[in-house]
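Welcome! Here is a short briefing to help you find your way around the structure below. Have a look at it first, then read on topic by topic.

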Amino acid sequence: MDALNSKLWYRTPAGEWEEALPVGNGRLGGMVYGGIKRERIQLNEDTLWSGHPTDGNNAEASRYLDEARRLIFEERYADAQTLIEEHMLGPWGESYQAMGHLEIELGHGVQVEAYRRELDLKEAVCRTSYEYSGVTYTRETFVSADDQVMVVRLEADKPGKLSLEASLNSPLPFRVSRRSQGGILLGGQAPDHVEPNFIQADEVVFDRGGDGMTFEIHLQALNEGGRLEVHGGRIFIRDAHCVTLLLTADTSYNGFDKDPVREGRDPGIRCSRWLDAAAQLSYAELRSRHIREHRRYYDRADLTLDAPGRSDLPTDERIKALRAGGADEQLAALFFRYGRYLLIASSRPGTQAATLQGIWNPMTRPPWTCNYTVNINVQMNYWLAETGNLSECHTPLFDMIGELAVTGGRTAQVHYNCGGWASNHGIDLWRSAAPSGGPTKGSASWAFWPMAGPWLCQHLWEHYKFGGDLAFLEDRAYPLMKGAARFCLDWLVEDGGGHLVSSPSTSPENSFIGPDGRKSAVSMSSTMDRSLIRELFTNCIEASIALDTDEDFRESLKEARGRLHPLRIGRHGQLQEWLEDFEEAEPGHRHTAHLYGFHPGSEITPRVRPELAEACRVALERRAVYEGEDTIGWCFAWLINQYARLEDGEKAHGYLVKLLMNPFPNLLNAHRHPKLSWYPTTLEANYGAAAGIAELLLQSHDGSIDLLPALPKAWPAGRIIGLRARGGFELDIEWTGGRLTRAAVRSRSGGECRIRANMPLRLAGAGPAAESGGPDRSEGAAESGQPAESGQFAESERTVLSEQYTESGQSAESGHIALTGQPAEPGKFSESGHIAEPGQSAELGHSALSGQYAESEQSWGRKQPLEDGSRTGALLVFDTRAGQSYEIMPG
């Protein structure tokens with residue numbers, strides 16, 4: 001790993017929040033400014049929100065549902081939208097809150113030399129150093145997951161030269177008192193309601209008699225040398241050599257369904273326990289425990305590029321140089337590392353899910369309430385989790401889905417007269433599931449979208465597909481998927497022509513011009529609705545087969561799936577966004593919701609559905625014409641992934657460069673929308689682009705593991721280690737001259753492995769797999785489990801020769817290479833392992849491999865054997881055993 005390109009670093013302190021550096025342990029977060037005379041660390045705790053549990057469902061909404069549907073069937077779309085906005089929305093959700101600040105006033109002047117601040121991604125430690133009057137001062141800050149404390153270590157390289165004052169404050173009502181152990185604590189309270197920042201109102205923050213959540217921040221100082229005093233709510237240290245500050249925080253939050261005041265927990269209990277325990281450890285012990293725990297996740301995957309870079313420049317100067325037209329491909333590698341770092345720091349088992357800003361927020365009225373916006377943004381946060389080898393970081397999202405199924409069950413019943421559970425786009429800590437915006441009659445284009453459940457369920461299914469954990473599928477995923485599918489079954493209605501449609505339906509945040517010339521967002525069965533419902537039904541069908549359960553329910557899903565409208569290509573050659581080929585009101589709209597089935601879904605792939613994949617390309621190109629009007633950072637992140645799926649590495653790389661020119665100096669995404677006068681920070685682009693970088697180098701959504709499917713020309717040589725693929729595999733990939741030179745496949749659960757590349761491949765060796773995150777992934781293993789010398793794999797018992805291609809109509813035997821573009825004969829096995837009848841789909845509804853039959857016309861819309869078209873390549877198929885590693889070489 002390139003140590004220099006594993007750090008964000010700067011020559012000056014942060015002047016504002018967008019320049020500060022993030023640290024966190026999933027629960028407790030800080031933004032470190034690296035000041036000279038005054039250090040400031042802005043603090044967050046992931047459960048500190050305004051409000052409390054409420055039933056925000058609109059009891060009158062369902063009374064207007066039939067009328068809205070009637071208007072839609074009459075093509076009075078704008079009238080239906082007005083009806084929804086007047087009568088079918090609920091209240092605003094609550095806001096994630098800034099907790100406070102740790103302020104450290106240093107006892108020296110401001111004229112310093114050799115200043116440097118940095119964030120070491122590999123160690124998750126933020127450092128500041130400088131010289132003043134012949135003394136070198138250093139600070140290190142990190143947040144330990146093991147010990148649940150923030151640690152700030154201050155040192156001077158000469159005895160007695162360190163003096164400081166430490167204090168706590170908050171933008172919320174607070175008081176500071178002395179801790180019995182000699183530190184200080186801040187106690188505060190969040191508002192019981194906060195109006196969203198985009199609402200103009202006379203009173204925007206409400207405190208109604210102490211109904212808001214309480215919180216505490218505890219601070220303890222440990223000095224080496226000098227003297228320590230506590231008075232006036234501050235800690236004073238004079239003439240020390242070293243000082244360690246320990247900080248922790250907690251809230252009275254006790255669950256999404258419990259009032260944080262009447263049923264809350266005492267935040268001081270856990271704060272005292274954590275702080276007292278940490279104080280028993282030396283700084284060296286705290287630091288080593290933190291780094292060891294962080295690297296358990298971080299070291300699993302890494303990207304190295306043999307390409308131009310400017311890691312010798314500070315990060316802010318690198319961004320400016322890129323904007324000025326310079327080349328810096330190493331910034332892409334840093335961005336990949338940073339995306340993984342941010343996910344580790346903001347989402348851990350047992351914490352809340354990452355919000356629009358991860359866990360970092362300096363405001364009491366943050367942009368979009370800093371909530372969980374689930375019509376793209378929060379899902380994008382987690383695209384990296386499975387491929388990026390951070391599956392544990394995915395679990396907070398699953399916890400949120402489980403809680404949302406409870407509140408969403410009532411929303412499904414009250415708003416939509418349906419069973420199961422449903423949620424709309426804006427979710428808060430209290431798991432609000434109703435469509436928001438009612439108080440100001442918000443636009444139905446974003447407010448009314450009861451399809452969050454199917455999209456969120458894709459994450460449950462992906463976790464299962466990557467890991468193969470049947471217990472997870474049975475105990476957690478399938479019950480939630482089934483509940484969302486039950487809602488969809490009840491939500492679908494007859495269209496009078498033999499099909500089932502969702503109505504009312506929107507394509508998130510976009511609008512069209514109706515037949516009457518009026519702008520509207522509401523119609524029936526948008527393309528995204530159909531893709532989401534079809535995918536959810538298919539996944540539930542496969543899950544029920546895997547678990548051998550719910551046969552009757554499975555059949556009802558199959559019947560309904562077969563009655564969904566197929567996807568359609570419009571008059572411009574684009575994938576239609578709506579059931580009808582409406583003209584777009586905003587041709588450059590930032591959302592590309594109708595391409596869900598292409599990415600992050602897998603209904604459309606260039607091999608299985610080349611004509612629809614091409615329609616997706618046309619849709620993207622039409623958007624690009626108007627890109628400057630609406631496209632922003634997270635859109636670039638999605639485009640990287642979409643063009644990677646199109647196997648267009650050059651277009652994907654172009655959008656990656658645009659994104660890398662976009663962020664704030666701290667490399668966090670800037671929401672630079674042309675209609676805004678100031679630019680908020682949102683992190684989904686950081687997470688999503690890191691996932692897109694992985695997608696350029698490895699894909700596994702199409703029934704095989706594709707190596708280097710969209711390698712940009714700007715990355716002629718490189719190496720990526722530790723990426724995960726569906727089926728329980730982990731891969732390292734190396735390339736030179738734009739061509740694969742070696743890959744290692746580690747099988748975690750055994751089973752058939754299917755590797756695809758743009759060249760013939762051979763299985764060169766096999767041996768025991770190293771643990772994930774091992775120090776040297778280039779090491780192989782020898783025959784009979786013995787280590788190989790010189791990092792080489794032993795010769796496999798079954799070496800695959802590149803000449804052993806399959807002929808037309810034949811299945812590839814295990815261990816042989818199958819050329820793409822060959823159709824399977826009736827009775828041959830599909831990729832799911834089920835025999836396909838003539839002209840029919842595989843039982844489980846996966847995207848078929850090239851040369852296999854896709855689902856029937858009633859679902860995926862194809863009956864004919866699938867061809868690869870102009871795409872060429874080879875497919876290597878071999879059996880694996882759990883715990884074994886396999887070396888793949890060009891054949």
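Counting disulfides in this predicted model gives 0. The cysteines are a good place to begin, and the notes after them move on to confidence, the nonpolar cores and the overall make-up.

**Cysteines**
- How far is the sulfur of Cys488 from the closest cysteine sulfur? That sulfur belongs to Cys457 and lies 8.6 Å away, too far for a bond, because a disulfide needs the two sulfur atoms within 2.5 Å.
- Cys488 is buried, with a relative accessibility of 0%.
- Cys393 is buried as well, and its relative accessibility is 0%.

**Confidence in the model**
- Across the protein, pLDDT averages 89, and 88% of the residues reach at least 70.
- Which stretch stays under 50 in pLDDT? Residues 774-871 do, and the model gives this stretch 239 contacts beyond four places in sequence.
- Where pLDDT is low, the predicted coordinates should not be read in detail.

**Nonpolar cores**
- In soluble globular proteins, nonpolar side chains tend to be buried together.
- The largest nonpolar core here holds 234 residues, and the ones with the most contacts inside it are Tyr341, Trp715, Trp735 and Ile755.
- Another core, of 11 residues, lies apart from that one; among its members are Val149, Leu275, Ala278 and Ile291.
- If you would like to zoom in on one residue, try Ile755: leaving aside residues up to four places away in sequence, Ile755 touches partners including Ile705, Leu707, Leu731, Val745 and Leu761.
- Ala874, Leu875, Leu876 and Phe878 are also among the residues that Ile755 touches.

**A look at Ser556**
- You can find Ser556 in helix 14, which covers residues 551-561.
- Is Ser556 buried or partly exposed? Ser556 is partly exposed, because its relative accessibility is 28%, which falls between the 20% and 50% cut-offs.
- Ile541 is 15 residues from Ser556 along the chain, and the C-alpha atoms of the two are separated by 9.7 Å.

**The whole protein**
- The protein contains 19 helices and 36 strands.
- Of its 891 residues, 63% are buried.
- How much surface does the protein expose? The figure is about 30100 Å², and carbon and sulfur atoms supply 46% of it.
- Among contacts with a separation of 6 or more, 69% are between residues 24 or more positions apart.

Definitions and conventions
Residues numbered from 1 in each chain as written. Predicted model: local features only at pLDDT ≥ 70, side-chain atom pairs only at ≥ 80, totals over all residues. Heavy atoms only, no water. pLDDT = per-residue confidence, 0-100. Contact = heavy atoms within 4.5 Å. Core = buried A, V, L, I, M, F, W, Y, C linked by side-chain atoms within 4.5 Å. Buried < 20%, exposed > 50% of the residue type's maximum accessible area, 1.4 Å probe, protein only. Helix = DSSP H or I, 4+ residues; strand = E, 2+ residues; numbered from the N terminus. Areas by Shrake-Rupley, 256 points an atom, 1.4 Å probe, with all protein chains shown as cover.
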